[in-house]
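Open the model in your viewer and keep the selection box ready. We will go from the whole chain to single residues.

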Amino acid sequence: MKLANLEGGSFELTEVEQVQLAIEHLVHYALQQGLIEPYDTDYSRNRLLELFSLDESYQHELNANVTHSLHTLLETLIDYGCKIGLVPEDTVTYRNLLDAKIMGQIMARPSEVIRSFRDTERSGGITAATDAFYKLSVDSNYIRMDRIAENVYWKKETPFGEMEITINLSKPEKNPKEIAMAKLLPPPVYPKCQLCRENVGYAGRLNHPARQNLRVIPLTLNEEPWFFQYSPYVYYNEHSIIFHHDHVPMKLTKDTFKRLLDFVGQFPHYFIGSNADLPIVGGSILTHDHFQAGRHVFPLEKAPVQAEFQHSKFSGVTLNPVKWPMSVVRLGCSNPEVLLEAANELYEQWKGYSNPEVDVHAYSEEDGVQVPHNTVTPLVRRRENGDYEIDIVLRNNRTSEEHPEGIFHAHREMHHIKKENIGLIEVMGLAILPGRLKHELAGIARILAGDNEIYDAVKQGRVPELVTHTAWIEELAAKHGRQMGLQEAEELLREEVGGKFAEILGHAGVFKQSDEGQRALHQFLESCGYEKSS
């Protein structure tokens, strides 16, 4: 897009003048959004001019009535940057690297952002501080709202309440050439991973994103140094990442519960949770200890409880199994110290618990060594009355000949929808489905709407992306026919996918939502010293 056409002037700008104009507007944008202060404007302009090897700024009068979207300004600058060789190639990955580099020129230093956060916290409270920090993360284009807006989102009513379903399109995909080139690069040494504090200001490379526009806030949790930041992909409202100061592996211990409770003590308007610490049932990054937090009410939080248990040792603590496809027990108490002891003891008991009748084995033996299988996904929040609440989701990562990817994992008949780990976010009832599904579901909708050409091609194996769905397509066609309207077919598929997500969570449940499964869960609770209230 030519910015000159939007300026309202009677003259035609040269390519260099358009870049100068984009820089001027970008500096004005940064000032308006509070990314910089008035005395930073000349400095920020000069940094951008230097980046694009320009000696002079825009010389014409700026039309104060004309505004351009941040996306438009960045596209203009990135296009020019690719042309003059600021990046080796004009690809999505290299454009992303340049994008962050540009925004890094018009942001406050990390120490200034931290100081502003603390000043706002003192004057307006912690909610005002996170509101301002989140706005900064959006305005600096660290959180790419233009891409997040492309995500597909809907809700699905199930026997366990309304599930949230998303097809995630916000995370950019590399092209095959970039993937091949990235494989040739040596293993990362610095930063060690994408969660390390050294990412702040890092320029990035083919196999590591640029982070010049990343800012983090230091925290103290359980008397240890941690950091708080927002996720660039925002799977839910104010999706946050809390990560350890050092590159240390995830390990669930009593200290984990202490940190989670400490966090909601400081951020009572946020929940926080940890992925499990074992493969298959754990998160995608187990090498750096971290949590996820945010300001979102998930379906799990709204799920009803089914019974009440109490323990003579933990006065004031209530325990309720939750009506949920996964195995969730909810502990509540006004005293976080008592709740800590109750949660940790339940976790320690679960680590060593076995019940062969429902396929739960705490350990297996490999080469004479005991391999643990039981762990938990813990979630902590505050209630409106200030009480503390912990949802402990019981997990087991055993595999079998029938289920080599995991007994309590999405079974193979579900892999055409999702085969990745069921992590913290999905445990809470928000499906993060792969981006491929948007195109695949569109193709299936056309089949159900009577497109015989695609249908025949799928049956002959000539549509590779739909081949994995063949059995499902036949099932849907037999049940609903293939003469529905396209919109009706799309709605049907959303319903079906939502139902499959609930089934997948059921596969991951250790104690099933059946009479047998709930009896087994109650047996476990009783073995821990809990008694059912009359």
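What follows is a tour, one selection at a time.

**Before you start.** This is a predicted model: local features need pLDDT of at least 70, side-chain atom pairs count only at pLDDT 80 or more, and totals for chains, interfaces and linings use all residues. Residues are numbered from 1 along each chain as its sequence is written, and side-chain values use heavy atoms, with hydrogens and water left out.

**Whole chain.** Colour by secondary structure. The chain holds 19 helices and 16 strands. Both are DSSP runs numbered from the N terminus: helices are H or I with at least four residues, strands are E with at least two. Along the principal axes, the C-alpha atoms fill a box of roughly 80 × 65 × 45 Å. Buried residues, those under 20% relative accessible area (exposed is over 50%, partly exposed in between; 1.4 Å probe, protein chains only), make up 53% of the 534 residues.

**A three-stranded sheet.** Select 152-158, 161-167 and 430-433. These are strand 1 and strand 15, along with strand 2. They form an open sheet in the order 1-2-15, with mixed pairing. Two strands pair if DSSP finds at least two bridges between them. Which strands stand at the edges? Strand 1 and strand 15 do; each has a single partner strand, so one side of each is left without a neighbour in the sheet. Strand 2 and strand 15 run parallel, over four bridges. Zoom in on glutamate 164: its bridge partner in strand 15 is leucine 430.

**The helix across it.** Add 486-508. This is helix 18, which lies across strands 1, 2 and 15 and runs at about 65° to strand 1. Axes are lines fitted to C-alpha atoms, for helices over the stretch in contact (heavy atoms within 4.5 Å); angles run from 0 to 180 degrees between N-to-C directions.

**The cores.** A nonpolar core is a set of buried Ala, Val, Leu, Ile, Met, Phe, Trp, Tyr and Cys residues joined through side-chain atoms within 4.5 Å. Select Phe263 and Phe511. They have the most contacts inside the largest core, which has 104 residues. Beyond four places in sequence, phenylalanine 263 touches residues including Leu219, Phe228 and Ala293. A second, separate core of 54 residues includes Met326 and Phe501.

**Last stops.** Select 190 and 191. The peptide bond from tyrosine 190 to proline 191 is cis, with omega near -20°. Now try serine 53, which has a positive phi of about 55° although it is not a glycine. Is serine 53 buried or exposed? Serine 53 is exposed, at 61% relative accessible area. Glutamate 238 also has a positive phi of about 55°, but counts as buried at 7%.
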